[in-house]
Each structure stands twice: as C-alpha cells, then as structure tokens.
Amino acid sequence: MGHELRRPEADFLRDGIYELRVSLQGVHHRILYFFHGAVAAVVSHGLVKERVVPPKEIERAVERKSRFEANPRRHTYEEV
C-alpha cells in the first residue's frame with residue numbers, strides 16, 4: 001500500500017520518516033523507513049516497541065535519510 005499504509009501497521013513520524021510495526025513470536029518491533037520515489041528505504045530496524053519511538057532513533061533516521069538523498073547510488077544495493 002506504500003504511502004497509504006496507516007495505523008495500526010504504519011505511521012508517519014516526521015521529516016519524511018515512517019514507522020512500520022511488525023510482531024514476531026509475540027515481540028513487537030518497529031522499522032523506520034522513508035520513500036525515495038516509489039522505493040522504501042529502511043534507515044533503522046529492530047527497535048523493540050515502546051510507548052513511543054525514542055527521539056534519538058528518529059534523529060538517527062533523519063540523518064541517514066539525508067545521507068542517502070545526498071548520494072543515492074552510494075547507499076543502494078545492486079546485485080551483480
């Protein structure tokens with residue numbers, strides 16, 4: 001569903017950063033990501049769900065997003 005995925009599965013945090021909420025074996029996790037065109041780029045993964053996403057993790061995701069946008073080719077995996 002891309003940009004249209006909403007609560008409870010996903011939510012917009014800020015500065016273009018979204019969170020995806022997943023559960024595995026009863027443990028709730030958050031994956032932080034952003035969109036680059038039609039592609040979702042993961043910038044943080046494996047956060048154990050707390051009441052809110054720690055601001056430090058959001059700041060880290062925003063910084064990683066900025067680095068990616070400055071040079072997408074450098075940060076994109078391509079199989080050879």
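Hi everyone, let me start with one residue: leaving aside neighbours within four places in sequence, Ser44 is in contact with Ile31, Leu32, Glu57 and Arg64. Ser44 itself sits in strand S4, which covers residues 39-48. Is Ser44 buried or exposed? Its relative accessible area is 6%, so Ser44 counts as buried. Please keep in mind throughout that this is a predicted model.

Now the overall picture. The protein contains four strands and one helix, and along the sequence they come in the order β-β-β-β-α. Strand S1 runs over residues 10-14 and strand S2 over residues 17-24. Strand S3 takes in 27-36, S4 covers residues 39-48, and helix H1 spans residues 55-70. With that map, we can go back to the partners of Ser44: they include Ile31 and Leu32, and also Glu57 and Arg64.

How does the overall size look? For 80 residues, a compact globule would have a radius of gyration near 12 Å, and this protein has 13 Å, which agrees. The C-alpha trace spans about 35 × 25 × 25 Å along its principal axes. Of the 80 residues, 28% are buried. If you take the contacts with a separation of 6 or more, 23% of them join residues 24 or more positions apart. The accessible surface comes to about 6000 Å², and carbon and sulfur atoms account for 54% of that.

On to the charges, which I suspect this group will enjoy. There are 14 positive and 12 negative side chains, and the centres of the two sets lie 4 Å apart. How many salt bridges does a search of the whole structure find? It finds eight, and I will walk through three of them.

The first on my list pairs Asp11 with Arg21, at 3.8 Å from N to O. Asp11 is in strand S1 and Arg21 in strand S2, so this pair ties together parts that are 10 residues apart in sequence. For anyone setting a cut-off, a salt bridge here needs the nitrogen within 4 Å of the carboxyl oxygen. Both partners fall in the buried class: Asp11 has a relative accessible area of 19%, and Arg21 has 16%. The line for buried is drawn at under 20%, which is worth knowing when you read the value of 19% for Asp11. This pair also belongs to a wider arrangement, since Asp11, Glu19, Arg21 and Arg30 are linked in a network of salt bridges.

Next comes Glu59 with Arg14, where the N to O distance is 2.2 Å. Glu59 belongs to helix H1 and Arg14 to strand S1, so here the pair ties together parts that are 45 residues apart in sequence. What about their exposure? Glu59 is partly exposed, with a relative accessible area of 43%, and Arg14 is partly exposed as well, at 29%.

My third pair stays within the helix. Lys65 forms a salt bridge with Glu69, and their closest N and O atoms are 3.1 Å apart. Why are they separated by about one helical turn? Because Lys65 and Glu69 are four residues apart in helix H1. Lys65 is buried, with a relative accessible area of 14%, whereas Glu69 is partly exposed at 40%.

Let me turn to the backbone, and to two loop residues. Asp15 has a phi near 50°, a positive value in a residue other than glycine. Asp15 lies in the loop between S1 and S2 and is partly exposed, with a relative accessible area of 43%. Which loop holds Gln25? Gln25 is in the one between S2 and strand S3. Its phi is near 55°, again a positive value in a residue other than glycine, and with a relative accessible area of 80% Gln25 counts as exposed.

One last stop, back in strand S4, where Ala40 has its place. Ala40 is partly exposed, at 46% relative accessibility. Not counting residues up to four places away in sequence, Ala40 touches Tyr33, Phe34 and Phe35. Where is Ala40 relative to Asp15? The two are 25 residues apart in sequence and 15 Å apart in space, C-alpha to C-alpha.

That brings me to the end, so thank you for listening, and I am happy to go back to any of these residues with the structure on screen.

Notes: Residues are numbered from 1 along each chain as its sequence is written. This is a predicted model: local features need pLDDT of at least 70, side-chain atom pairs count only at pLDDT 80 or more; totals for chains, interfaces and linings use all residues. Side-chain values use heavy atoms; hydrogens and water are left out. The radius of gyration is taken over C-alpha atoms; the globule rule is 2.2 Å times the number of residues to the power 0.38. Buried means under 20% relative accessible area, exposed over 50%, partly exposed in between (1.4 Å probe, protein chains only). Contact means heavy atoms within 4.5 Å. Accessible areas come from the Shrake-Rupley method with a 1.4 Å probe; for residues, only the protein chains shown count as cover. Lys and Arg count as positive and Asp and Glu as negative; His and the chain ends are not counted. The place of a charge is taken as NZ of Lys, CZ of Arg, CG of Asp or CD of Glu. A salt bridge is a side-chain nitrogen of Lys or Arg within 4 Å of a carboxyl oxygen of Asp or Glu.
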